Amino acid sequence: MNNIIEIVNLKKIFHLSNNQQLIILENLNLNITLNNIVSIIGPSGSGKSSLLNIIGLLDSNFKGHYSFEGTIVDSMNSNLLSNIRNQKIGFVHQFFHLIPELSVLENVLLPGLINTNKVSIIIDEAKNLLKAFEIYDKKNIKPNKLSGGEQQRVAIARSLINKPNLILADEMTGNLDENTADDIIMFFLQFIKNHNISLLYATHNQKYAEMATFKYKLKNKNLILK
């Protein structure tokens, strides 16, 4: 099997004051293969975001084995970690993190400009994503003129601009009303399936968690396959 993510016996500890420790994740195992959709459900504070930060190469302070596309993360230097984050992983968050001074189009294409000097190609790809996400007509306006659902569509399009192998989404519908959230999650999952991208998403919502191919619950510092 072609594993994008392979995690064995992962342990994450936060060091508190007075030499106290807080164990967030322990003896955690997870494999994610190509073209799979994986959900993780669990309450706030259970460690979902901590796990996504580790998988997204944003946090290297952990114990255990983690390899990304067959390369052990511990062996990667900071430049390689940064390159993989930029080129092979897309991120979608609960809060959209759009740059208010930039237009919708500029927000989407910005990550692509980091990886190439072929500006015209990136602009065309950003426009195509906006068309796919049915927000092309808003390409020249600022994010604060958009609805919450529209802003999340822009954020999702931005996560896809570098054609990543893996998308990590952390409570991507948590800041939206139910009807808008339903539309976003259905559209996004269909797009992921059509384009053969792997997706790992964390959610509080049981209904959305059940839409994944593989469904996990984060409980007692570990993942339980449902």
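These questions and answers walk through helix α6, the sheet it packs on and a strand pairing elsewhere in the chain.

This is a predicted model, in which local features need pLDDT of at least 70, side-chain atom pairs count only at pLDDT 80 or more, and totals for chains, interfaces and linings use all residues. Residues are numbered from 1 along each chain as its sequence is written, and side-chain values use heavy atoms, with hydrogens and water left out.

Student: What span should helix α6 have, at 1.5 Å a residue?
Tutor: Helices here are DSSP runs of H or I, at least four residues, and strands are E runs of at least two, numbered from the N terminus. Helix α6 covers residues 178-194, which makes 17 residues. The expected span is 1.5 Å times one less than the number of residues. The end C-alpha atoms are 24 Å apart, which agrees with the expected 24 Å.

Student: Which residues of α6 are buried?
Tutor: Buried means under 20% relative accessible area, exposed over 50%, and partly exposed in between (1.4 Å probe, protein chains only). On the other side of α6, N179, M186 and N194 are exposed. The buried residues are A181, I184, I185, F188, L189, F191 and I192.

Student: Why do the buried residues of α6 line one face of the helix?
Tutor: Look down the helix axis and take the directions from it to the C-beta atoms. The buried residues line one face because they fall within an arc of 160°.

Student: Which residue caps the N-terminal end of α6?
Tutor: A polar contact is a pair of N or O atoms within 3.5 Å; within protein, one must be able to donate a hydrogen and the other to accept it, and residues adjacent in sequence count only if both atoms are side-chain atoms. Here a side-chain oxygen lies 3.2 Å from the backbone nitrogen of N179. The capping residue is D177.

Student: Which strands are at the edges of the open sheet?
Tutor: Two strands pair if DSSP finds at least two bridges between them. The 6 strands run in the order β6-β7-β8-β3-β9-β10, with mixed pairing. Each edge strand pairs on one side only: they are β6 (89-93) and β10 (222-225).

Student: Which strands of the sheet does α6 touch?
Tutor: Contact means heavy atoms within 4.5 Å. The direction of α6 makes about 155° with that of β8. The strands touched are β3, β7 and β8.

Student: What is the bridge partner of N3 in β2?
Tutor: Strands β1 (residues 3-15) and β2 (residues 21-33) run antiparallel, joined by 9 bridges. The partner of N3 is T33.

Conventions: Axes fitted to C-alpha atoms, helices over the stretch in contact; angles between N-to-C directions.
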